[in-house]
Amino acid sequence: MTGGRIEDRLSQEEEKSLSRMPLVGIILGSDSDLEVMAETARTLASLGVEYEVTIASAHRHPETVTAYARGAEERGLQVIIAGAGMAAHLPGVVAAQTNLPVIGVPLLGKTLSGQDALYSIVQMPPGVPVATVAINGARNAALLAAQILARSDGLVREKLVQYRRRLSEETRKKNERLQELGIEGYLREGDHDR
Ligand code: C2R
């Protein structure tokens with residue numbers, strides 16, 4: 001596509017991408033994971049990446065997970081993001097049944113501070129990798145998936161460049177404000193969470 005401002009071009013491209021088949025499959029072990037994993041969906045949407053979301057547990061619905069993983073590539077998915085608390089079975093079982101890259105998000109449970117999920121998801125036996133992000137690292141999982149897609153999708157690449165630019169700009173502004181107000185003034189101003 002040629003001509004026009006980048007913003008115009010993106011909005012036209014965005015429209016196109018919205019009518020595409022999902023490229024990223026988000027799979028969750030439980031609806032209790034949804035609040036944290038919604039950030040994955042929001043981040044993908046902000047990058048113009050189509051996704052689908054499914055609740056299916058390797059423990060509780062093993063057949064559904066098998067069908068999901070075996071059919072994923074044929075359905076057009078290119079990356080799978082699996083969010084699971086307490087255990088690694090969901091990302092592991094999915095990774096065992098597809099050649100697509102699987103990103104695991106260990107989720108904070110009610111006990112063991114999420115370390116149960118983190119250690120088990122990160123420690124896959126050699127041969128069946130799951131790329132593991134931080135505990136509750138829902139946003140990074142989306143960004144990593146987008147970076148994989150960006151190798152062959154110029155629009156996603158452009159969106160990622162813009163995202164990084166915004167990130168630097170926010171940090172620059174925060175530092176400017178800190179220099180202006182000093183530590184106590186900055187903290188008093190509040191609402192500095194990202
Ligand atoms: P409930 O809140 O439904 O009891 O689930 C889910 O991801 C969730 O974080 C508690 C936690 O169990 C996790 N879960 C797994 C799997 N199935 C459910 N890790 C699995 O198959 O690996």
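Which residues come nearest to the ligand? In this predicted model, they are Gly 29, Ser 30, Ser 57, Ala 58 and Gly 85, out of 16 residues around the ligand. Here is a short tour of that shell, of helix α4, and of a pair of helices, α6 and α7, that pack together.

**Around the ligand**
- By class, the shell around the ligand holds six nonpolar, eight polar and two charged residues.
- Two elements that each supply at least two residues of this shell are β3 (79-85) and α4 (89-96).

**Helix α4**
- Besides lending residues to the ligand's shell, α4 is mostly covered, with six of its eight residues buried.
- Those buried residues are Leu 90, Pro 91, Gly 92, Val 93, Val 94 and Ala 95.
- They pack against three strands and two helices: β1 (24-28), β3, β4 (102-107), α3 (62-72) and α5 (115-122).

**Helices α6 and α7**
- Helix α6 spans residues 138-150 and helix α7 spans residues 154-189.
- Their axes lie 8 Å apart, and the two helices pack at an angle of about 135 degrees.
- An angle over 145 degrees would count as roughly antiparallel, so α6 and α7 are instead oblique to each other.
- The crossing of the two helices is left-handed.
- On the α6 side, the contact is made by Ala 146, Gln 147, Leu 149 and Ala 150, while α7 brings Val 156, Arg 157 and Leu 160.
- Sorted by class, this contact has five nonpolar residues, one polar and one charged.

Note on methods: Residues are numbered from 1 along each chain as its sequence is written. This is a predicted model: local features need pLDDT of at least 70, side-chain atom pairs count only at pLDDT 80 or more; totals for chains, interfaces and linings use all residues. A residue is near a molecule or strand if its C-beta atom, placed from the backbone, lies within 6 Å of it. Helices (H or I, at least four residues) and strands (E, at least two) are DSSP runs, numbered from the N terminus. Ala, Val, Leu, Ile, Met, Phe, Trp, Tyr, Cys and Pro count as nonpolar, Asp, Glu, Lys and Arg as charged, and the others, Gly among them, as polar. A residue is buried if 20 or more other C-beta atoms lie within 10 Å of its own, exposed if 12 or fewer, and partly exposed in between; C-beta atoms are placed from the backbone. Two residues are in contact if their C-beta atoms, placed from the backbone, lie within 7 Å. Axes are lines fitted to C-alpha atoms, for helices over the stretch in contact, and angles run from 0 to 180 degrees between N-to-C directions. Angles under 35 degrees count as roughly parallel, over 145 as roughly antiparallel, 65 to 115 as roughly perpendicular and the rest as oblique. A crossing is left-handed if the near helix is turned anticlockwise from the far one by less than a right angle, and right-handed if clockwise.
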